[in-house]
Every structure is written in C-alpha cells, then in structure tokens.
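Please open the model in your viewer and keep the selection tool at hand. The stops below say what to pick next and what can be found there.

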Amino acid sequence: MSFPEFPEFPAGFFFGAATASYQIEGAYDEDGRGPSIWDTFCREPGRVADGATGDVACDHYHRYREDIALLRELGVDSYRFSIAWPRIQPTGSGPANAAGLDFYDRLVDALLASGISPAATLYHWDLPQALEDRGGWRVRETAERFAEYAGVVAARLGDRVERWITLNEPFCSAFVGYAAGAHAPGAREGRGALAAAHHLLVGHGLAVHALRAAGAREVGITLNPDRLLPATDAPADLAAVRRVGTLHNDVWFEPLFAGRYPEHEAETWGELLPGGDGSYRLDGDLGLIGAPLDFVGINYYRPITVSDAPYRDADPATRTAVDVRAEETWRDDVRHTTMGWPVVPHTLTDLLVGLAQRYPALPPLLITENGSAEADAVDADGRVRDVERVDYLHSHLDALAAALRAGVDVRGYYVWSLLDNFEWARGYGQRFGIVRVDYDTQTRTPKDSYRWYRRLIAAHRARTTPGKDPR
C-alpha cells in the first residue's frame, strides 16, 4: 500500500518534535534556577521586541505533562528538548541543584511512559550569567565548566536518555551573540567572538568525553550550516560566498570532521586572528574537538544569497567577526515566511548532498530543526488553518527524501517546533509551532500542521510496519 500524499522514508527512519528550554519553560526564578545570559539580555532596554522575556514563556515547567500528552497524540518517536544549565548549576559550577535535576528526571520518565524517546540538548544558548561575568565563551574556563555540567546531567539521566546533543547552533552562540550583538550576551567583538567559537568546540569535545564516560549511548552536535548562493557570477560575489562559508560553515565542519582549521580563515578575518592563527588554540585541540560522534544534527530553514560589500569598519580594533565584506541579498521570486526567510526547499537537498560529498567521514545525519514562522490566525471555530506551514513542511520533507535517494545517510527528522514560543530577540511575534499557544491563557490549540504531521507519521508506520492500520 502506498500513501502518495506524503513523502516516503525507509523503515527505521524516525520522526520527532523539538523545543528549547528558555523558549518554553518559564519559571525563570523557581526551584533554585540561577540567571542566564538571556534573563540579563531581555532586561536590557531595546534588546528584545516589545520588551519580551522568557520569564513565563509557555509555562512548560508547570505544564510539561500537558505538552507530553500532545506529543503522545502526535505519535512522535522522539522528543528533542534542551536542559537549562542554570537549573542544574545556578552559577555554572559546583554541586548540582537537586530541584533542577528532579524536573528533568520527571520529564524523562513521563516521556518514556508515553513511549517517546528523550533526546537531550545540553546547551541551547542559556549560559549561566555567572560564567559570562567571568568571560563567557571567550575563555577556556567556560568550556571546562561545560564538561563538568555534562557529566553531572549524564550521571542522573544517562540511563534513560537515548540521544545527547552537546551544543545547538554554536554559530549563533559565537557570532550572533558575541559579534553581531543580536543575541545574548549582546557583544560586538572580533577576536572575542572567534575565541568563543573555538571554546564552544573545545567545550563540545570535552563534553563528548564526559558523556562517553557516563555511558551515553548516542552523542552528537547540532549545527546550522547554510546553503549559500552568490548574487551573481562576478568574482567579487563568489569570493564573498567563500568568506561567508568560512564564517557560517567551515569554522565548525572543518575541525569536527576534517581535523583542520578553515582553509580561508586568514582571507576572511585577517588581523582579527591573534598572531595570525589564534592564540587561544592549544596543541591537541583539534584531536579533542574531532572526537568520534554517533550523529550530526542539522538545523535548516532557508538559503542565503550573498553579495560582496565593503567593510563596515576597517579598523581591526572595532571590526566584528561577522564583518567579512559580504551582505545578504534579498530575493523576491519566492514566498517568504514571516521571518523574511525565502522558501526554497530544494536547497535542503543540495546542502545535504554537498556535505556528504565534502566530508566522507561524516556520521549519520538527523534533521534536528526544520519549520516555518507563519501569520497564523484562529478561525471563528477555533481552528488554525496554517496552509503555508503545511506546504513548507511537505516540500522540505520531499527535499529530505530526495537527499536520501541520492545516498545521504539521514536517520530522523524533528519538526521545529512543537509549540509557539519565545523567539529570542523577536519576542513573541513569530510563531513556529504546530501547536498554537495563547500566551495570556496558556491554552494549547493543535494547528492543521499538527494534524498533517500526525497523519504523515501514521502513514510512515503503516507503510513500514507489516499489519499496521494506516488510519
């Protein structure tokens, strides 16, 4: 029996949904949780749209059982959540906060009781503020503290959590947070951001060792590589793509999967590399960073079109690490989501095939985030008919299926996101969820995309499980 209305995936391929701690949990000052850099950032005037904070968010800390019921009804195989470091170690080091561990203990047990495999991300951007006060990711100490935190969490949850992700999108942590200033901690730096990128990778490597020592079964990292397109075929635009590729992609993939630093880093950053090669790099770091992984998570939403541009500030003392003589060029020939992101599904296929060809030793891939922000409206009957999101998900899953047919080893897919949530510096104005959240009442309303995804999962199981009723 076939189900032509849905993309087809092989037996053993799994489907899930994803969220992140600061975006949904709330309870920012309960049960011993310490402040994070996002608590601080949200309280700085002008940083976040409408002065929004994650203080309450989706109140998942108190409503997690309701959200797990939504996951169970959805039929997902796995739930990807993140653990808030400040709940476990309020100052980023020292003894564990028992109440914080207890919360995730209850969450994991409730997931397992519902037949859902837990996938835990250790760091989704909510660094304890006390560590930022001591230098944050600019300094190696934070990487060392991260490994200690990983060991503490794995010692408590490692017997039940199947899949561990060390970092989520370190590009955003290093370059959006320490160079562009658009995310916490809101810094605009050059060398500091490059040091942060390196120390995030060092922290990842140290955490991999800590997780393995605790008996973790599957360990990986989630990256957000971009499919980069030149605005024209002019040599200047092609060179700009090369520099942006160094910034967005090569900083992570080359040390992790090729055992080297990016080939074009000197061209991209020049004087921003202290001593020409980065004095924060120590002998043995590449071996540490390149510890073997069981999978790599890929977050993907849209391609970026790049054109050449002059430096905004030619002085290395004030130039930031994201000022690489390039700019994003907007295209108007395709639909855009409310984030302003172009919807070009085949670029997901292109990206995955390109990564597999460039890195032969790449571990199996998981799509750990994919979804769209849309202008959802609630009908008079209370229904959210998010046709654009359904089309986005369907077309991108088609593109993912095409990558598998081309030989790319992809094992699973997590939709972003289960719930509408706090969308970082954009506050609550962007809705990515397949479940609508009324932030005044905390009422959850499954959208049409939720129903479509549920049918897709059911059809997949029916097609790949003999005797399974598809309806």
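**Cysteines**

The structure holds 0 disulfides, a disulfide being a pair of cysteine sulfur atoms within 2.5 Å. This is a predicted model, in which local features need pLDDT of at least 70 and side-chain atom pairs count only at pLDDT 80 or more, while totals for chains, interfaces and linings use all residues. Residues are numbered from 1 along each chain as its sequence is written, and side-chain values use heavy atoms, with hydrogens and water left out.

Select Cys42, which is in no disulfide and whose nearest cysteine sulfur, that of Cys58, is 14 Å away. Cys42 counts as buried at 6% relative accessibility, where buried means under 20% relative accessible area, exposed means over 50%, and partly exposed lies in between (1.4 Å probe, protein chains only). Then select Cys172, whose sulfur is 16 Å from the closest cysteine sulfur, in Cys42, and so too far for a bond. Cys172 is likewise buried, with a relative accessible area of 10%.

**Two packed helices**

Next, colour helix α9 (residues 191–213) and helix α10 (residues 235–257), which pack at an angle of about 35 degrees with their axes 11 Å apart. Helices (H or I, at least four residues) and strands (E, at least two) are DSSP runs, numbered from the N terminus; the axes are lines fitted to C-alpha atoms, for helices over the stretch in contact, and angles run from 0 to 180 degrees between N-to-C directions. The crossing of α9 and α10 is right-handed, the term for a near helix turned clockwise from the far one by less than a right angle, left-handed being anticlockwise.

Which residues of α9 and α10 meet? On the α9 side they are Ala197, Leu201 and His204, and on the α10 side Val251, Trp252, Pro255 and Leu256, where contact means heavy atoms within 4.5 Å. By class, this contact of α9 with α10 has 6 nonpolar, 1 polar and no charged residues; Ala, Val, Leu, Ile, Met, Phe, Trp, Tyr, Cys and Pro count as nonpolar, Asp, Glu, Lys and Arg as charged, and the others, Gly among them, as polar.

**Along α10 to a buried aspartate**

Stay on α10 and select Leu247, which is found in this helix and is buried at a relative accessible area of 4%. Leaving aside its neighbours within four places in sequence, Leu247 is in contact with Phe171, Phe175, Trp252, Trp269, Ala321, Val322 and Val324. For a sense of distance, add Arg217, which is 30 residues from Leu247 in sequence and 31 Å away in space, C-alpha to C-alpha.

Move to His248, also placed in helix α10 and buried, with a relative accessible area of 12%. A polar contact of 2.6 Å joins the side chains of His248 and Asp226, a polar contact being a pair of N or O atoms within 3.5 Å; within protein, one must be able to donate a hydrogen and the other to accept it, and residues adjacent in sequence count only if both atoms are side-chain atoms.

Follow that contact to Asp226, in the loop between β5 (218–223) and β6 (228–230). Is Asp226 buried or exposed? Asp226 is buried, with a relative accessible area of 7%. Its side chain also makes a polar contact of 2.9 Å with the side chain of Arg302, and, not counting residues up to four places away in sequence, Asp226 touches His248, Asn249, Arg302, Ile304 and Leu351.

**Backbone stops**

Turn on the backbone and select Ala184 and Pro185, which are joined by a cis peptide bond with omega about 10 degrees; Pro185 lies in the loop between α8 (170–178) and α9. Then select Trp416 and Ser417, where the peptide bond is cis with omega near 5 degrees, and where Ser417 is found in the loop between β11 (410–416) and β12 (435–437).

Go on to Arg325, in the loop between β8 (304–308) and β9 (326–328), where phi is near 60 degrees, a positive value in a residue other than glycine. Arg325 counts as partly exposed at 25% relative accessibility. End at Gln442, in the loop between β12 and β13 (444–446), which has a positive phi of about 65 degrees although it is not a glycine, and which counts as buried at 6% relative accessibility.
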